[in-house]
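Colleague: I'm new to reading structures, and I'd love a close look at one part of this one. Could you walk me through it slowly?

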Amino acid sequence: MAVLARRLLEQESVQATLDEIAAAAVELVEGCDAAGILAVRKGRAVTLAARGNMVSESDRLQGELGEGPCFDLARRKDGARVYRIADMTRPQPAWERFAAAARELGVGSMTGVLLYTDNDDFGALNLYASRPGTFGKDIETAGWLLASHAAVALADARTIDQLQHGMETRHAIGQAMGILMERHGLSEDDAFDVMRRISQHHNVKLRDVAQRVRSERTDPA
């Protein structure tokens, strides 16, 4: 745990910290197949970090349906901060639609920690397992440690929109690099260097260069 804490503190950005937290959850918690950090702002669900294929889709479903374990936890008035779903294959009367969709994703059990609440907005760290009965009270220490670091990282970020914008920018640049690599036989480093030089030469943001590559699908030079 001490080594993990140092690892998290060494990260150079909020996004890097959140990504490391999701990765550490899968690495450290026995039976955890996927983990992610979800934020809901003005009814819109945003996946801030994800490790594993089911995370983003689960977040999207909770946001679209407006129901699920994270919404339940955020709406509770008793101060509870942790939820556990031992067996997702069993009926979940409070959110039947999400439970049915989660089963289709292969979720057998879930657990999570509420990071913050602000009126109807909230954030949560969620852990997923394909097998029922994976998460017990013994994971609480790791869960609370990870959640504490996530909560501090989010408190340092100015807005959730800022984080989402950064994620979208990174995704756009990655797609544009892939296009250049495929079209011109470039390495990943060379593709990024081409985009960086164009950005500097024309005094435009790297994100705008990426968008041009993606939309025109021609050599931006």
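Let's take strand 4: how many of its ten residues are buried? And please tell me what surrounds this strand.

Modeller: Happy to! One thing to keep in mind is that this is a predicted model. To your question: strand 4 is mostly covered, with seven of its ten residues buried.

Let's begin with the partners of strand 4. On one side there is strand 3, residues 82–85, which pairs with strand 4 in the antiparallel sense over four bridges. If you want a spot to find on screen, look for I85, which stands opposite M110 of strand 4. Strand 5 is another partner, again antiparallel, and here the pairing runs over nine bridges. In that pairing, V113 has L125 of strand 5 as its bridge partner. Strands 4 and 5 also make a hairpin, with two residues between them. In the turn you will find N119, whose phi is positive, about 55°.

Now follow L125, because it leads us inward, to the largest nonpolar core. That core has 28 residues, and L125 belongs to the group that touches the most other members, together with L18, I21, I37 and L127. Strand 4 (109–118) and strand 5 (121–129) each give two or more residues to this core, as do helix 1, helix 2, strand 1, strand 2 and helix 6. Helix 6 supplies the largest share, six residues. As a general background, nonpolar side chains in soluble globular proteins tend to be buried together.

What does L125 touch, once residues up to four places away in sequence are not counted? Its contacts include T111, G112, V113 and L115, and also I21, G36, I37, G143, L146 and A147. Apart from this core lies another one, of 23 residues, with F98, A99, A102 and V107 among them.

Right beside L125 in the sequence you can pick out A124, which also lies in strand 5. A124 counts as buried because its relative accessible area is 2%, under the 20% cut-off. Leaving aside neighbours within four places in sequence, A124 is in contact with V113, L114 and L115, and also with G36, I37, L38 and C70.

Some of those contacts point you to strand 1, so here is a word on its pairing. Strand 1 runs antiparallel to strand 2, and seven bridges join them. A39 stands opposite V46 of strand 2 in this pair. Their hairpin has two residues between the strands, and K42 takes a positive phi near 50° there.

Finally, is there any empty space around strand 4, and where? A search of the whole structure finds one cavity of 30 Å³ or more, and the largest cavity holds about 60 Å³ of space. Strand 4, strand 5 and helix 6 each supply at least two residues of its lining. Among the lining residues are T111, G112 and V113, along with L125, L127, G143 and W144. By class, the lining has six nonpolar, three polar and one charged residues.

How values were computed: Residues numbered from 1 in each chain as written. Predicted model: local features only at pLDDT ≥ 70, side-chain atom pairs only at ≥ 80, totals over all residues. Heavy atoms only, no water. Core = buried A, V, L, I, M, F, W, Y, C linked by side-chain atoms within 4.5 Å. Buried < 20%, exposed > 50% of the residue type's maximum accessible area, 1.4 Å probe, protein only. Contact = heavy atoms within 4.5 Å. 1 Å grid on protein atoms, 1.4 Å probe; cavity = no way out; pocket = protein on both sides within 12 Å on 5 of 7 lines; lining within 4 Å. Points joined across faces, edges and corners; volume = space filled by probe spheres on them. Nonpolar A, V, L, I, M, F, W, Y, C, P; charged D, E, K, R; others polar. Pairing = 2+ DSSP bridges.
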